[in-house]
Amino acid sequence: MTDIPAGRPATAPAWTVRDTPIGPLLLAATGRGLVTVVFHADERTVRRSLARLAGRLGAEPVRDDGDPVLAGAARELDAYFRGALREFSVALDWSLTSGFNGRVLRALAESVPYGSVVGYQTLADRVGEPGAARAVGVAMGSNPLPVVVPCHRVVESDGGIGGFGGGLETKRALLALEGVLPAPLF
């Protein structure tokens, strides 16, 4: 288990905001690992997300830019956005997802590598739920760890890009970074 920095209760999640090419990301971690990544982390989004996280985890998050899990996640995200990292190794805390959604997100993280995509139906088949393509879409929308758990790699079976909680422009940028789509012209 990671050492908890002095001044932060052992049960309190740590958080920070990281600037990235797709905008600021809110990162939060527990002693078990990275627990959430939130897109478009302006002041209002951060405030709402931290309140929701406190309710879910039962402890008030504390800003801690030096937290070792957050520092590791930030290093890996920086490398990913430079094109130098294809697989994240930061420890993940899966406590914000469970059941079907958790199974789908774990299958996604384990079976859809950098530079590839998967259809909603194919992912449903992989978790043994062949009639659950729409439910896979719901699982993607509830992903507490986007980018690291790559829900941007899930697309429609007809070749459409599908939806994305971070916005379609962000999804296109991530897929372009991974070479799946051409880079935007402007």
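How much space lies in the second largest pocket? About 310 Å³ lies there, in a model that, it should be said at the outset, is predicted. Of the 17 residues that line this second largest pocket, those closest to its centre are Glu87, Phe88, Ala109, Glu110 and Val148.

The largest pocket holds about 580 Å³ of space. Its lining is made up of 27 residues, and Val37, Gly141, Ser142, Asn143 and Pro144 are the ones closest to the centre. Strand 3, helix 1 (43-57) and helix 5 are the elements that each give two or more residues to this lining, and helix 1 gives the most, with six residues. The make-up of the two linings by residue class is set out below.

| Pocket | Nonpolar residues | Polar residues | Charged residues |
|---|---|---|---|
| Largest pocket | 12 nonpolar | 11 polar | four charged |
| Second largest pocket | 12 nonpolar | one polar | four charged |

**The nonpolar cores**

The largest nonpolar core has 43 residues, and within it Leu34, Leu108, Leu123 and Met140 touch the most other members. The elements that contribute two or more residues to this core are strand 2 (25-30), strand 3 (33-38), helix 2 (68-82), helix 3 (99-111), helix 4 (120-126) and helix 5 (133-141), and the largest share, seven residues, comes from helix 2. Methionine 140, when its neighbours within four places in sequence are left aside, is in contact with Val104, Leu105, Leu108, Tyr120, Leu123, Cys151 and Val154. Apart from the largest core lies another core, of 10 residues, which includes Ala28, Val35, Val38 and Ala41.

**Glutamate 178, a buried charged residue**

Glutamate 178 is found in the segment after helix 6 (168-177). Is glutamate 178 buried or exposed? Glutamate 178 counts as buried because its relative accessibility is 6%, which is under the 20% cut-off for that class. Two partners of its side chain can be named: the backbone nitrogen of glycine 115, which the side chain of glutamate 178 reaches at 3.0 Å, and the side chain of arginine 153, which is joined to that of glutamate 178 by a polar contact of 2.8 Å. Not counting residues up to four places away in sequence, glutamate 178 touches Tyr80, Tyr114, Gly115, His152 and Arg153, so that both of the partners just named also appear among these contacts.

**Two residues with positive phi**

Most residues other than glycine have a negative phi. Against that background, histidine 40 and valine 147 deserve a look at the backbone. Histidine 40 has a phi near 50°, a positive value in a residue other than glycine, and its place is in the loop between strand 3 and helix 1. Valine 147, which is not a glycine either, has a positive phi of about 75° and lies in the loop between helix 5 and strand 6 (154-155).

Where these residues stand with respect to burial can be stated as well. Histidine 40 counts as partly exposed because its relative accessibility is 39%, a value that lies between the cut-offs of 20% and 50%. Valine 147, by contrast, counts as buried because its relative accessibility is 1%.

Methods. Residues are numbered from 1 along each chain as its sequence is written. This is a predicted model: local features need pLDDT of at least 70, side-chain atom pairs count only at pLDDT 80 or more; totals for chains, interfaces and linings use all residues. Side-chain values use heavy atoms; hydrogens and water are left out. A nonpolar core is a set of buried Ala, Val, Leu, Ile, Met, Phe, Trp, Tyr and Cys residues joined through side-chain atoms within 4.5 Å. Buried means under 20% relative accessible area, exposed over 50%, partly exposed in between (1.4 Å probe, protein chains only). Helices (H or I, at least four residues) and strands (E, at least two) are DSSP runs, numbered from the N terminus. Contact means heavy atoms within 4.5 Å. On a 1 Å grid over the protein atoms alone, a cavity is a set of points where a 1.4 Å probe fits but cannot get out, and a pocket is an open set with protein on both sides within 12 Å along at least five of seven lines; lining residues have an atom within 4 Å of a point. Grid points are joined across faces, edges and corners, and a volume is the space filled by probe spheres set on the points. Ala, Val, Leu, Ile, Met, Phe, Trp, Tyr, Cys and Pro count as nonpolar, Asp, Glu, Lys and Arg as charged, and the others, Gly among them, as polar. A polar contact is a pair of N or O atoms within 3.5 Å; within protein, one must be able to donate a hydrogen and the other to accept it, and residues adjacent in sequence count only if both atoms are side-chain atoms.
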